[in-house]
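Let's go through this one as a back-and-forth, checking each label against the cut-off behind it. Have the structure open while you read.

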Amino acid sequence: MHHPASAKHEKLATVPYRKIKVNTIALHILHLPRRQQIIICPWGGLIRVWDLETGKQVGEKWEDKHVGEKWEEKDFRVMTMALSPDSKKVASGSFDGAVKLWNVDTGKIIKTWTGHIEKVYFVSWSPDGGRVVSGSEDGTFRVWDVEHGKTILGPINTGENIVRAVCYSPDANMIATSGDRLKIWDANSGESLKSFEVHSNTCLAWTSDGKTLVSGRSKIDTATWTVLDYCDDVHTISVSPNDRILTSTSYWGKKAQLWNLETNQPIGTPLHHPDYVVSATFSADGKFLVTRCGDDYIYTWDIFAIVKGAGLSLDIMVSIDTFHVL
């Protein structure tokens, strides 16, 4: 059941536009372009699709069925996922170390890739959709060829105990990895290019022009590789499709915050939640923010209302329909 905000609260930036009860803690959320639907990865590991308008699940759970194998014998649960650039496939990383491709329309597995010996924490698509990079608790990252299903780079030992996040640069020439340090790698050779002391984090995002890399609470200017901390409490991040707005979440602070990516200043007041905030993601058109909370609800926030309520120019919403999805 969805709960649109009442008319009298429309001008309040901190009131959610809608909330949906999903009866599970959603670890990850993907917003499907041109649809009012989201894909969620709950703690139980079975991917499912929800309709934001009706607040109901669409179709059956995406289940990984293995003949002759039981769930208790091998942990097939999904830990992370990423939507392909054409929005037709989802890449997922599992507790058992496998990377899998799913068909969005059917919810069925297309391919399963094995190689990591520990759980896969993060996956990221190359901009052309031809490769997937995965980061694992085994301290390595691998690059997979989507068509042939082979490891074409790696395993690359990062020198970290755990690779918590990975991300392709928009030109596909670099891969960023995050653990105790932020590291930049040549995406073709696997050569280490840069290494930074940054706050340990589980999230990375590159702006579509490649000029800024956000790693947790730090912003990196990729022209000079200088690091700037824009805040001090970040669990996850998301960059708006037009590269103008950044969202950070605070797990224990039970809130999300919008930031002007150019000025590093907060936009409006924090978006408070009744329980810990797992993460946030922008809708494909950039007009809404979807957050997931420990109270088993998914919240939708109206970005236009937040910007307007903060008394800021709506110029920050310019080009919201022209975007590049990382």
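A strand here is a DSSP run of E with at least two residues. This is a predicted model, and S178 falls in strand β15, residues 174-178.

Q: Why is S178 called buried?
A: Buried means under 20% relative accessible area. S178 has 2%, so it counts as buried.

Q: What does S178 touch, once its neighbours within four places in sequence are left aside?
A: I162, V163, R164, A165, N201, L204 and S215. Contact here means heavy atoms within 4.5 Å.

Q: Where does E160 lie, and why is it called buried or exposed?
A: E160 lies in the loop between β13 (150-157) and β14 (165-168). The relative accessible area of E160 is 10%, and buried means under 20%, so E160 is buried.

Q: Which residues is E160 in contact with, leaving aside those within four places in sequence?
A: G139, G179, D180, R181 and K183. Take G139: E160 and G139 are 21 residues apart in sequence, yet 5.2 Å apart in space, C-alpha to C-alpha.

Q: What makes the approach of the E160 side chain to the backbone nitrogen of R181 a polar contact?
A: The side chain of E160 reaches that nitrogen of R181 at 3.2 Å. The cut-off for a pair of N or O atoms is within 3.5 Å, one able to donate a hydrogen and the other to accept it, so the E160-R181 pair qualifies.

Q: Why is strand β12 described as largely enclosed by the rest of the structure?
A: Because six of the six residues of β12 (residues 140-145) are buried. Both faces are covered: T140, R142 and W144 are buried on one side, and F141, V143 and D145 are buried on the other. As background, side chains in a regular strand alternate between the two faces of the sheet.

Q: How do you know that β11 and β12 pair?
A: Two strands pair if DSSP finds at least two bridges between them. Strand β11 (residues 131-136) and β12 have five, in the antiparallel sense, so they count as paired. One of the partnerships is G135 with F141 in β12. The two strands form a hairpin with three residues between them, and G139 in the turn has a positive phi of about 85°.

Q: What makes β12 and β13 a pair too?
A: Five bridges again, antiparallel, against a threshold of at least two, so this is a pair as well. D145 stands opposite K150 in β13. β12 and β13 form a hairpin with four residues between them, and G149 in the turn has a positive phi of about 70°.

Q: What is noteworthy about the peptide bond from G154 to P155?
A: That bond is cis, with omega near 10°. P155 sits in strand β13.

Q: In what order do the strands of the open sheet run, and which are the edge strands?
A: The order of the four strands is β2-β3-β4-β5, with antiparallel pairing. The edge strands are β2 (26-31) and β5 (57-62), because each pairs on one side only. From one strand to the next, the twist averages 20°.

Q: How do you know that β4 and β5 pair?
A: Strand β4 (residues 47-51) and β5 share three bridges in the antiparallel sense, and at least two are needed, so they pair. I47 has W62 in β5 as its bridge partner.

Q: Which loop holds S87, and why does S87 count as buried or exposed?
A: S87 is in the loop between β6 (78-83) and β7 (89-94). Its relative accessibility is 13%, and buried means under 20%, so S87 counts as buried. The phi of S87 is near 65°, a positive value in a residue other than glycine.

Q: Why is K254 called partly exposed?
A: Partly exposed runs between the 20% and 50% cut-offs. K254 has 35%, so that is where it belongs. K254 is in the loop between β23 (245-250) and β24 (255-260), and has a positive phi of about 55° although it is not a glycine.

Q: How many helices and strands are there in the protein, and what share of its residues is buried?
A: The protein has one helix and 28 strands. Buried residues make up 56% of the 326 residues.

Key:
Residues numbered from 1 in each chain as written. Predicted model: local features only at pLDDT ≥ 70, side-chain atom pairs only at ≥ 80, totals over all residues. Heavy atoms only, no water. Buried < 20%, exposed > 50% of the residue type's maximum accessible area, 1.4 Å probe, protein only. Axes fitted to C-alpha atoms, helices over the stretch in contact; angles between N-to-C directions.
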